[in-house]
Each structure stands twice: as structure tokens, then as C-alpha cells.
Amino acid sequence: MNQELSNYQKMISGLEYNYLDMEIMELRKQQQIRNRQANLMLDYQHDEKLLPHISSDAIIVPPFYISYGLHIHLGSRVYINSNVTLQDNAPIHIGEHTMVGPNVQFYTANHPLDAEKRCRGFEIAKAITVGKRVWIGGGAVILPGISIGDEAVVGAGSVVTKDVQAKTVVAGNPAKLIKVLSPDNQHRQAPEL
């Protein structure tokens with residue numbers, strides 16, 4: 001069955017694909033042109049051809065950087081600060097009222113450890129899912145396949161290598177649990193790891 005899928009279909013489905021495929025390279029080039037044009041605007045105006053799956057009240061502060069834009073889903077009142085990278089080889093879903101600080105990087109693509117295979121253009125992309133009312137501090141890096149639960153907080157500069165539970169605070173490189181947020185929004189220290 002995988003032989004029947006195009007490299008593009010494999011890419012967005014989380015299967016191994018070849019990013020040197022002409023269809024993928026042409027689509028990326030086309031979307032990169034649109035991305036550059038959007039970054040010339042003082043305030044980003046929603047462009048259905050660049051970002052067709054974002055809420056009309058989501059805010060993106062230019063400049064921002066995408067791979068395709070077609071696989072980015074932003075909920076209502078999402079705020080994306082400047083210089084954010086959304087490498088959407090696989091889907092990136094960001095829930096409503098989430099705040100993303102400047103210079104945050106979302107990476108969905110991953111390369112094989114085998115150098116020969118890597119040099120031939122093979123990679124795999126895994127979706128990133130961010131819940132509702134999340135705060136991601138400036139300069140954080142979110143790696144492929146990560147899920148971040150509702151109302152979680154990711155500290156500035158953190159590298160998120162594992163899923164983040166709802167209502168928790170994580171920070172560091174790699175990001176580790178710092179606090180659990182109680183239902184009444186009072187903080188209690190996380191258990192020692």
C-alpha cells in the first residue's frame with residue numbers, strides 16, 4: 001500500500017518519505033515565496049493559500065517561518081510572536097488561547113541516524129499537538145511528535161523532548177517537570193525527579 005502513496009502523502013501521514021521528491025520541492029518553493037511576501041507586511045493579513053487552517057482571530061506577528069503552511073492549524077485567539085518557526089512537514093495543531101513567545105521553533109521532521117540513508121533524502125515527520133490555553137516561552141524548541149496538554153507552561157529556552165502533561169510547568173534542556181498547577185491555580189512543587 002505504501003508504494004501507492006506519493007512522497008507528499010507519506011510525509012503528512014507520518015511515514016518515511018523522500019524530501020528530494022519534485023512534488024514536495026515545488027510545493028515548498030511555492031509556499032516559501034508566499035511566506036516571504038507575508039513577512040514583508042507590517043501586520044500579517046490571513047492568506048488562505050499560505051495558511052488555510054487558522055482561525056480568523058489568531059494573531060501571527062511577522063516575521064514567521066513555515067515549511068508549507070498548509071498543515072498548520074491555529075485555534076481561536078492563538079497568539080504567535082515574532083520569529084517563530086513552524087516546520088509543518090507533518091501537521092501542527094495549536095489550541096485556542098495559546099500564547100507562543102518569540103523565536104519558538106516547532107520541528108516535525110526527523111532524519112535517519114544512518115548517514116547514507118539521510119544523504120539520499122529520507123526523513124520522517126511526526127505531528128505536534130499543543131492544547132488550549134498553553135504558554136510557550138520565548139526560544140523554546142518543540143521536537144517531532146510532541147503533545148503538550150491544556151494549560152501547560154513551557155519555560156523560555158526549553159527543549160521539549162517528551163510529551164508535557166496538562167496543567168504542568170516544564171523547563172530546561174531537556175525540559176523537565178518543574179511544577180504541577182492545581183485546579184485553583186495555586187502552585188505546588190513537583191516531586192523530585
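Two strands pair if DSSP finds at least two bridges between them. Strands here are DSSP runs of E with at least two residues, helices are runs of H or I with at least four, and both are numbered from the N terminus. I start there, since the sheet comes up early.

Some housekeeping. This is a predicted model, in which local features need pLDDT of at least 70 and side-chain atom pairs count only at pLDDT 80 or more, while totals for chains, interfaces and linings use all residues. Residues are numbered from 1 along each chain as its sequence is written, and side-chain values use heavy atoms, with hydrogens and water left out.

Now the sheet. Three strands form an open sheet, in the order β1-β11-β10, with antiparallel pairing. The edge strands are β1, residues 17-18, and β10, residues 109-110; each of these pairs on one side only. As background, strands of a sheet pair through backbone hydrogen bonds, either parallel or antiparallel.

On one side, β10 pairs with β11, residues 122-125, over 2 bridges. Which residue of β11 is the bridge partner of Asn-110? That is Ile-124. On the other side, β1 and β11 are also joined by 2 bridges, again antiparallel, and there Asn-18 stands opposite Phe-122.

The side chains of β11 alternate. Glu-123 and Ala-125 point to one face and are buried, whereas Phe-122 and Ile-124 point to the other face and are not. Buried means under 20% relative accessible area, exposed means over 50%, and partly exposed is in between, using a 1.4 Å probe and protein chains only.

Next, the interior. A nonpolar core is a set of buried Ala, Val, Leu, Ile, Met, Phe, Trp, Tyr and Cys residues joined through side-chain atoms within 4.5 Å. The largest one has 33 residues, and those with the most contacts inside it are Leu-51, Leu-74, Ile-94, Phe-106, Ile-136 and Ile-148. At least two residues of this core come from each of β3 (64-66), β4 (72-74), β6 (84-87), β7 (92-94) and β12 (128-130). Apart from it lies another core, of 9 residues, among them Tyr-8, Met-11, Ile-24 and Tyr-68.

Take Leu-51 as one example. Contact means heavy atoms within 4.5 Å. Leaving aside neighbours within four places in sequence, Leu-51 is in contact with Tyr-44, Ile-60, Phe-64, Ile-66, Gly-69 and Ile-72.

Leu-86 is another residue to look at; its place is in strand β6. Is Leu-86 buried or exposed? Its relative accessibility is 1%, so Leu-86 counts as buried. Not counting residues up to four places away in sequence, Leu-86 touches Tyr-65, Ile-66, Ser-67, Ile-72, Ile-92, Ile-94 and Phe-106.

Further along the chain, Ser-158 sits in the loop between β16 (153-154) and β17 (159-160). Ser-158 has a relative accessible area of 0% and is buried. With the same residues up to four places away not counted, Ser-158 touches Gly-139, Ala-140, Val-141, Val-170, Ala-171, Gly-172 and Ala-175.

Now the surface. Tyr-19, Leu-20, Met-22 and Met-25 make a nonpolar patch of about 390 Å². Patches are made of residues with over 30% relative accessible area and no salt bridge, with like charges joined within 9 Å and nonpolar side chains (Val, Leu, Ile, Met, Phe, Trp, Tyr) within 5 Å. The areas come from the Shrake-Rupley method with a 1.4 Å probe, and for residues only the protein chains shown count as cover. Tyr-19 lies in the loop between β1 and α2 (22-39), and is partly exposed at 31%.

Last, the salt bridges. A salt bridge is a side-chain nitrogen of Lys or Arg within 4 Å of a carboxyl oxygen of Asp or Glu. How many are there by this rule? The count comes to 4.

One of them joins Glu-116 and Arg-120, with the closest N and O atoms 3.7 Å apart. Glu-116 is exposed at 58%, and Arg-120 is partly exposed at 44%.

Arg-133, Glu-151 and Lys-167 are linked in a network. Glu-151 meets Arg-133 at 3.4 Å. Glu-151 lies in the loop between β15 (147-148) and β16, and Arg-133 in the loop between β12 and β13 (135-136), so the pair ties together parts that are 18 residues apart in sequence. Glu-151 also meets Lys-167, at 3.8 Å, N to O. Lys-167 lies in the loop between β17 and β18 (168-171), so this pair ties together parts 16 residues apart in sequence.
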